[in-house]
Amino acid sequence: MTDTTTIKHPIPLTSGDFTQAEEPLALFAEWFAEAVKAEPNDPNAMSLATVDNSGLPDVRMVLMKGFDADGFVFYSHIASQKGRELAANPKAALLFHWKSLRRQVRIRGLVSPVTDAEADAYFATRPKQAQLGAWASKQSQPLESRFAFEQAIALAAAKYAIGEVPRPQGWSGWRIAPAQFEFWHDRLFRLHDRIEFRRAGPDQPWLKTRLYP
């Protein structure tokens, strides 16, 4: 005989915590702080979705390097696949998935380049080997061999052996200004908690909706 006790008397659908939030950025900050403590690797890792000229989606993992009321920031090569796609269609979607916490956050919005000053400041914080790699890599372009890449790194290391490594002009960052958040938390029997925030513009209020899982 199958035990259906937990089916007949499930845990409450309203958790009484994050579903009561009225502002998404503060909630994200709270969840991210918990992820930093819980996730063993890269709690700032996020999937970045873009589309190409034909409308075919692209997605890849990148690292968030900062967030505030203006949006979520990451850095890469301007001439990379994602850089070219964002230049042609400056809209993107992000996904944070913190498996150990059984949570995910989806974000959608418009994209804009960071300032040169912001890019310079962040590039200066990177380890020197990562700075040299940015000079050596023609990201997303065909590479004839690993040896060719290692040669390019060696040339960059020789060129900038002394002193600071400047930021390549083809390397910068982007900021995704969120127009939509969705917070999802795993619950038993797929009775998940899921809430969405939307706003019509940067200065508009957030509207919250609870969604079926």
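A contact here means heavy atoms within 4.5 Å. By that criterion, take the contacts in the protein chain with a separation of 6 or more: 63% of them join residues 24 or more positions apart. The model is predicted.

How far can the coordinates be trusted? The mean pLDDT of the chain is 89. Of its residues, 92% reach 70 or more. Residues 1-15 fall below 50. In the model, this stretch still has 15 contacts beyond near neighbours in sequence. Where pLDDT is low, predicted coordinates should not be read in detail.

Next, the overall build. The chain has 213 residues, and 38% of them count as buried. Its secondary structure comes to 6 helices and 9 strands. Along the principal axes, the C-alpha atoms fill a box of roughly 70 × 45 × 35 Å. The accessible surface is about 12,900 Å². Carbon and sulfur atoms hold 57% of that surface.

Now turn to the pockets. The largest one has a volume of about 280 Å³. It is lined by 14 residues, and those closest to its centre are K91, A92, A93, R108 and G109. Which elements give two or more residues to this lining? They are strand 1 (45-51), strand 5 (91-98), strand 6 (103-113) and strand 7 (171-185). By residue class, the lining of the largest pocket divides into 7 nonpolar, 4 polar and 3 charged. Glycine is counted among the polar residues, so G109, one of the residues closest to the centre, belongs to the polar group.

How values were computed. Residues numbered from 1 in each chain as written. Predicted model: local features only at pLDDT ≥ 70, side-chain atom pairs only at ≥ 80, totals over all residues. Heavy atoms only, no water. 1 Å grid on protein atoms, 1.4 Å probe; cavity = no way out; pocket = protein on both sides within 12 Å on 5 of 7 lines; lining within 4 Å. Points joined across faces, edges and corners; volume = space filled by probe spheres on them. Helix = DSSP H or I, 4+ residues; strand = E, 2+ residues; numbered from the N terminus. Buried < 20%, exposed > 50% of the residue type's maximum accessible area, 1.4 Å probe, protein only. Areas by Shrake-Rupley, 256 points an atom, 1.4 Å probe, with all protein chains shown as cover. pLDDT = per-residue confidence, 0-100.
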